[in-house]
Amino acid sequence: MTYQTFDPERLRPPEYFGEPDPRSTMFVRVDRTNGTHRVVDLRDHHDEISFYALHAGVPQEIVLHFETARNVYLYAWFVYRFYPVAESQCLASLELALRERLKEEIRTGKIKGRRPTLRPLLTYAVEHGLVRNEGFSAWQNRGLTRSRHRVEMEKLREASAKGLSEFTWDESDIQITAEDLDWDYVKMLPDLLPMVRNDYAHGSTELHNWALRSFQIVSEFINQLYLSPA
């Protein structure tokens, strides 16, 4: 598929309705075991977004709002400019979830404003422990990354001291410590997420396919707000 076939920036001609946006097939996946690679396909794209789902304890109206965002992301395979639309809808799902979860706090004035915006809702949820660092993959992954780096450095120093030209180590050597996890991830979310959401709300020309990061944060945030039946 080439740009000469149809203009992906314009209304899609009906005869090309089922064709992927040319930009969707510009990426490859590499098999690190044998070095081979292949062009990503729709199944890969579907697998990426299907990973971020809400559990059965989340109210149905919020789930459906989030499912809309997931479907828009899925159809970005065909229309690349759907990525920012999907991310915007995803962040709107978070505000809907917070407003529903905190409706009593809003009614009783515990959160300032008759209709508080996303930032004070996020701040209240964070300050009152409705979400925790442990519930976010980004926080856990940073701990793993830092601990792995420490083990690598220790093994490198050991090899250097012994005059070794090579060394090996096992994943079991990685032990995440409290120091590795000394990062208050949730404290930055009330500043970060409204900034991204507002950029879309006020009109943005940004175009990228990084929306999955917001789907990860939002799904993990909402899943902590509500008790899972499991």
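What is the volume of the largest pocket? In this predicted model, the largest pocket comes to about 200 Å³, and that is a good place to begin the tour.

**Stop 1: the pocket.** Select Phe 27, Val 40, His 45, Glu 48 and Asn 209, which are the closest to the pocket's centre among the 13 residues that line it. Now colour the lining by residue type: you should find six nonpolar, three polar and four charged residues. Next, show strand E1 (28-30) and helix H1 (42-50), each of which supplies at least two lining residues. H1 gives the most, with three.

**Stop 2: helix H3.** Move on to helix H3 (82-101). Put a distance marker between its end C-alpha atoms and you will read 28 Å, which agrees with the 28 Å that 20 residues should span at 1.5 Å a residue. Then pick out its buried residues, including Tyr 83, Cys 90, Leu 91, Leu 94, Leu 98 and Arg 99. To see what covers the buried residues of H3, turn on H1, H2, helix H4 (103-107), H5, H7 and H8, which are among the covering elements.

**Stop 3: the nonpolar core.** Select Leu 94, Leu 98, Phe 215, Phe 221 and Ile 222: of the 43 residues in the largest nonpolar core, these touch the most other members. Two or more residues of this core come from each of helix H2 (60-75), H3, helix H5 (118-127), helix H7 (189-201) and helix H8 (212-225).

**Last stop: Leu 98.** Zoom in on Leu 98 and hide its neighbours within four places in sequence; the contacts left are Leu 118, Leu 121, Leu 122, Ala 125, Phe 221 and Leu 225.

Key:
Residues are numbered from 1 along each chain as its sequence is written. This is a predicted model: local features need pLDDT of at least 70, side-chain atom pairs count only at pLDDT 80 or more; totals for chains, interfaces and linings use all residues. Side-chain values use heavy atoms; hydrogens and water are left out. A nonpolar core is a set of buried Ala, Val, Leu, Ile, Met, Phe, Trp, Tyr and Cys residues joined through side-chain atoms within 4.5 Å. Buried means under 20% relative accessible area, exposed over 50%, partly exposed in between (1.4 Å probe, protein chains only). Helices (H or I, at least four residues) and strands (E, at least two) are DSSP runs, numbered from the N terminus. Contact means heavy atoms within 4.5 Å. On a 1 Å grid over the protein atoms alone, a cavity is a set of points where a 1.4 Å probe fits but cannot get out, and a pocket is an open set with protein on both sides within 12 Å along at least five of seven lines; lining residues have an atom within 4 Å of a point. Grid points are joined across faces, edges and corners, and a volume is the space filled by probe spheres set on the points. Ala, Val, Leu, Ile, Met, Phe, Trp, Tyr, Cys and Pro count as nonpolar, Asp, Glu, Lys and Arg as charged, and the others, Gly among them, as polar. The expected span of a helix is 1.5 Å times one less than its number of residues.
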